[in-house]
Amino acid sequence: MPRPGEQSLQECTGGFRGNLGLMLACLAFVACSIGAVQNEIFVGPTGLDTNPGTSQKPLATLTAARDKARAIRCHTIVVKGGEYRLEDSLKLDAADSGLTLISAPKSRPTIVGAVDVPAKSAHRSIDATVLDRIIDPNARQLVYEVDLAGLGIHNLPPLQPRGFPHSGIQGPNELFQGNQAMTLARWPNKGYAKVGKVTEPGNGEHDQNKPKRKPVFSVGDRPKQWILAEEPWMYGYWKFDWADESIRIHRIDAGTGEITLSGPAVYGVDPGVPFFAENLLEELDAPGEYYIDRAKGKLYFIPIRPIDPKSPIRLSILGQPLIDVADASNVTVKGIDFGFSRGDAVAIRNCEHVRFEGCRFSNLGAKAASVSGGHDSGLRSCDISDTGEGGVQLSGGDRNTLAPGRNYVENCEFSNFERRSQTYRPAVWIDGVGNRVSHCYMHDAPHSAIIYGGNDHVIEFNRFSKLLSLTGDGGVVYTGRNWTARGTSIRNNWFEADFGQRKWEPAIYVDDLGSGIEMVGNLIEKCHWGFLIGGGRDNIMRDNLVVDCDEAFRCDARGLGWAASSRPTMEAGLKAVPYESSVWRTKYPNLPNILNENPMAPAGNVLEGNLLIRSGALLKGFEAPFTKTAKMSGNQESTVTSDQILAQIKAIRAKAGLIPDASRRQLK
Ligand SMILES: [Ca+2]
């Protein structure tokens, strides 16, 4: 194995072609090496920032290592194993261009945004004013107490609302025992209770200009015991099974237990919908639950397993990204783990050729990464799991000029990436122009894997399984409601099995008049619907294999019926981009004249060479205006899997999903 410095030099000399920034960075590296003073800076949790930063005498903090790297113009920081606790983001910018942060051989350093809660600081609570509030008397003897204020921990912000309407948020202070996230004390402990009689549904988005009316409803007698709760919240699917939302409780009627929420849910509240209540000391009654009294600076919890220093208890604190890279080029971060933080692990903003490779991201309050602006930057061969608010937000590129971002997420595994908000927090959300998600494996989450807008992205060779497990009306790969979000290619993906609840869920969903999407060579197995095309235009479905699905294609003309009212939204989307400009006209010739046609009607769709195996009749799910205007040829239906088709299926499976490269092998 090359030493980190040698590896960096190889990468430098291999990448000279036409990149001045990289060339300068490499020249500085070579000069530094020739100078022979120090071509690697070492950092380790047991080091000292007054050390010289050698392997034997490493620095202690990443910030000191960055500053020293800048000062002596070296470009390799070797990060020794152990845990690095950050109180603020490690910020990298143009001054750090050319820098590589790499784990020391055979070690897995971890960068965290949490504080340790030492085992010796936790003791069984004997405070009767606390314990008597806990409803289950058997739980009272299980509760541990920690004086956070006494430990100097004061950064305890109030909870933020989460769910469908609240993107871009951070998690609360979360407690972890070992690698497991604990749960804000809640009722019921698992699953959901149901809303009873609704006295006032509240006004949602449809009359948002009127004074807000707070929802009022009954959920039975249990809330009568929450009267003393400091900051009770409810999380629910208040109207639809694709729109979750947490809302603070404003008032509980002591006599009836009736709940008044602090504000309306986005679509109002219906009787019978699922919810749970959380952040209640009264409901601290199960292993793994915790509660923080912010006013007193006290933490109460019931451990998942006996408290053991080998399985440390951590409280997430940092809301900002652990590493924030802005306006830099040719920065590589390799072989480092990130976790136990309230916000995103990583931000990559307006960068060129910045890459995180072979990193693990887990137990985060928000996302693994946000990649915005710049170009040719992203994540390669990383593992992302147990994140609160999705996996990666990926954008870049210019919708005015259609210049591509070429930012990417490749060869990454994503699982349980909607741990807190459960809808519309996909593994990757793609925006902008010309970005790519390839060779990823996305599985085990309640809603979509990929949601995209913008233009000309590539979604290829990915593998998907066990998605949309709790929610409805979503697709594994989803877009919609925009005539201009064209040019994305969804190709050669393997939709393995186990999607949704067999109600609504297609593998590929081009919702409400979405248009100009190319879907080619995908293998879709054991799904409810293979494709749902919501009445849009210029969509191409070619050479797909649909196996053992209830229906292969559902293609409607909703814009002529119930979705006709969305025309203003569609026209607003059209006017938001220069669709009549020469660059747009050249690329999307069907768009400039759209308003002179019948734009709400399907048109220009193509179905060619698709093969349906035990997936019903091709036209079963078509509406007439779609069928009439689509170009269809060479599609086949079959009940048997011939050897030739089996070989085709195996070939798609073999090429899709993760590639076990050197960085992935080190993750195992
Ligand atoms: Ca509970």
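In the predicted model, strand E14 (residues 193-194) and strand E20 pair in the antiparallel sense through two bridges, and within this pairing lysine 194 stands opposite proline 274 of E20. Strand E20, which comprises residues 274-278, is also joined by two antiparallel bridges to strand E13 (residues 186-187), where arginine 186 has glutamate 278 as its bridge partner. A further antiparallel pairing, over four bridges, links E20 to E17, and here glycine 236 is matched with phenylalanine 275 of E20.

From E17, which spans residues 233-236, the pairing continues to strand E18 (residues 245-252), again in the antiparallel sense and over four bridges, with isoleucine 247 of E18 as the bridge partner of methionine 234. Strand E18 is in turn joined by three bridges to strand E19 (residues 259-261), the two running antiparallel, and isoleucine 252 is bridged to isoleucine 259 in E19. E18 and E19 form a hairpin in which six residues lie between the strands, and glycine 257 in the turn adopts a positive phi of about 80°.

With regard to the division of the protein, the assignment gives domain 1 (116-185 + 282-314), domain 2 (193-278) and domain 3 (499-668). The C-alpha centres of domain 2 and domain 3 are separated by 38 Å.

A second arrangement of strands is an open sheet of 12 strands with parallel pairing, in the order E4-E24-E27-E30-E33-E38-E41-E44-E47-E50-E53-E56. Its edge strands are E4 (90-92) and E56 (621-622), each of which pairs on one side only. Within this order, strand E24 (residues 323-326) and strand E27 (residues 346-349) run parallel and are joined by four bridges, and isoleucine 323 stands opposite valine 346 of E27.

Valine 346 also appears in the description of the nonpolar interior, since the largest nonpolar core has 159 residues and those with the most contacts inside it are Val346 and Ile450. When residues up to four places away in sequence are not counted, valine 346 touches Pro321, Leu322, Ile323, Phe338, Phe356, Ala368 and Ala369. Apart from the largest core lies another, of 11 residues, which includes Leu402, Val433, Ala563 and Val577. In soluble globular proteins, nonpolar side chains tend to be buried together.

Helix H8, which covers residues 643-655, presents a contrasting environment, because the number of buried residues among its 13 is zero and the helix therefore lies largely in the open. As to its geometry, at 1.5 Å a residue the 13 residues of H8 should span 18 Å, and the end C-alpha atoms are 18 Å apart, so that the expected and modelled values agree. Just after H8, glycine 657 takes a positive phi of about 90°.

The confidence of the prediction is described by a mean pLDDT of 93 for the protein, with 94% of its residues reaching 70 or more. Over residues 1-35, however, the pLDDT is below 50, although this stretch has 42 contacts in the model beyond near neighbours in sequence.

How values were computed:
Residues are numbered from 1 along each chain as its sequence is written. pLDDT is the predictor's confidence in each residue, from 0 to 100. Two residues are in contact if their C-beta atoms, placed from the backbone, lie within 7 Å. A nonpolar core is a set of buried Ala, Val, Leu, Ile, Met, Phe, Trp, Tyr and Cys residues joined through C-beta atoms within 7 Å. A residue is buried if 20 or more other C-beta atoms lie within 10 Å of its own, exposed if 12 or fewer, and partly exposed in between; C-beta atoms are placed from the backbone. The expected span of a helix is 1.5 Å times one less than its number of residues. Two strands pair if DSSP finds at least two bridges between them. Domain bounds come from an automatic or database domain assignment.
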